Amino acid sequence: MNASEITARRPKNAIVILLDSLNRHMLGAYGGREFATPNLDSFARRAVRFDRHYSGSLPCIPARHDILCGAIDFLWKPWGSIEIWERPLTAYLRAAGVVTKLVSDHPHLFEVGGENYHTDFTAWDYQRGHESDPWQTRPDPSWMGAPSFARGHTPYDNSRGYFRDETDFPGPRTMAAATEWLERSARSHDRFMLFVDEFDPHEPFDTPEPYASMYDSSWQGPHMIWPPYMRGALAHGVLTPEQARQIRACYGAKLTMIDAWLGTLLAAIERGGFYDDTAVIICTDHGHYLGEKDIWGKPAVPIYEPLGHIRRK
């Protein structure tokens, strides 16, 4: 559904696609030229685009509380669950007879502190293996690890060796599962909301080739998929300029990969004629510092523009 159609009539269905840690200023639609995001840019050209918007609550789980409960989280609570006295959007939709489907690889939704975010969906599909997801109990020896800046052994180290090609990674699997549900099940329901909570391009910024070397082809050694969380990483010698460039390139690689898989879902939306009666919303929770003001990750610093503010240049 394009901008004029949204203003003219109320959509029957909704597809919400939340991409985690999406740096809006890096998208072509917002003036970025560093990384390729053709599908996001193409979607933006036909959509209502937010050019000035501030994030409500940070980081991941508080932002989802904002979205599902309609409350600005950080004014009254820290990272935490949907409380038992709250009614999220999904509960109201269920009461109205709307089928809701969650497809996600977001591990925090299924950890302590992320309770009750999925329980009011009609159905949910969790694609395993991203970041902190305790999916596997032993590592596959094909994975040699990557510099992690004192994180130590992570659940991802156990899971990563089981991703043998692009289609095994959690992000591509999530987009493929959402596409499959849309094509096989969506039209069997009178009204629906598909909520795709995609954890990419969140760290680890780990991708297979050709993405891994796409933006830093001269890099030698393990890719820098885990950014440090600190201010002044270059100034204090924690990162060399080459490592800083590599971390940023790895983020760009993951951004381009998930953009490609988003394209498969958007193509299914087009083929199925869903734009005729469905609001399609692509959003994010926050950005990610990748060297702006020599800040890396999401440390305890002021919320400068890359982390919490959409502004089209």
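Start with the charges: the chain carries 33 positive and 40 negative ones, and their mean positions sit 5 Å apart. Keep in mind that this is a predicted model. The chain exposes about 13900 Å², with carbon and sulfur atoms supplying 55% of that area.

On overall shape, the secondary structure adds up to eight helices and 10 strands. The radius of gyration is 19 Å, close to the 20 Å from the globule rule for 313 residues, so the chain is as compact as a globular protein of that length. If you want a box for it, the C-alpha atoms fill roughly 55 × 45 × 40 Å along the principal axes. Of the 313 residues, 54% count as buried. Contacts reach a long way along the sequence too: among those between residues at least 6 apart, 69% join residues at least 24 apart.

Now for two helices. Take α3 (60-69): nine of its 10 residues are buried, so the rest of the structure largely encloses this helix. The buried set includes Cys60, Ile61, Pro62 and Cys69. Among the elements covering those buried residues are β1, α4 and β5. Right after α3 comes glycine 70, with a positive phi near 70°.

Helix α6 covers residues 170-184, and its geometry checks out: at 1.5 Å a residue, its 15 residues should span 21 Å, and the C-alpha atoms at its ends are 21 Å apart, which agrees. This helix is mostly covered as well, with 11 of its 15 residues buried. Trp181, Leu182, Met175 and Arg173 are among the buried ones. What do the buried residues of α6 pack against? Their partners are the strands β1 (13-19), β3 (99-104), β4 (123-126) and β5 (192-198), plus the helix α7 (241-271).

The loops hold some backbone angles worth a look. Here they are side by side:

| Site | Backbone feature | Value |
|---|---|---|
| Leucine 58 – proline 59 | cis peptide bond | omega about -5° |
| Glutamate 209 – proline 210 | cis peptide bond | omega about 10° |
| Asparagine 116 | positive phi, not glycine | phi near 75° |
| Alanine 150 | positive phi, not glycine | phi near 70° |

Proline 59 has its place in the loop between β2 (52-54) and α3, while proline 210 is in the loop between β5 and β6 (230-231). Asparagine 116 belongs to the loop between β3 and β4, and it is partly exposed at a relative accessible area of 28%. Alanine 150 lies in the loop between β4 and α5 (155-159). Is alanine 150 buried or exposed? With 81% relative accessibility, alanine 150 counts as exposed.

Glycine 113 is in the loop between β3 and β4. Why does glycine 113 count as buried? Its relative accessible area is 13%, and buried means under 20%. Beyond residues up to four places away in sequence, glycine 113 touches Ile61, Trp79, Gly80 and Ser81. Its C-alpha atom is 19 Å from that of glutamate 203, which is 90 residues away along the chain.

Finally, alanine 71 is in the loop between α3 and α4 (89-95). Leaving out neighbours within four places, alanine 71 is in contact with His65, Asp66 and Trp76. Of these contacts, His65 and Asp66 are among the buried residues of α3. The C-alpha atoms of alanine 71 and threonine 137 are 37 Å apart, with the two positions 66 residues apart along the chain.

Technical notes. Residues numbered from 1 in each chain as written. Predicted model: local features only at pLDDT ≥ 70, side-chain atom pairs only at ≥ 80, totals over all residues. Heavy atoms only, no water. Helix = DSSP H or I, 4+ residues; strand = E, 2+ residues; numbered from the N terminus. Expected span 1.5 Å × (residues − 1). Buried < 20%, exposed > 50% of the residue type's maximum accessible area, 1.4 Å probe, protein only. Contact = heavy atoms within 4.5 Å. Rg over C-alpha atoms; globule rule 2.2 N^0.38 Å. Areas by Shrake-Rupley, 256 points an atom, 1.4 Å probe, with all protein chains shown as cover. Lys, Arg positive; Asp, Glu negative; His and termini not counted. Charge placed at Lys NZ, Arg CZ, Asp CG, Glu CD.
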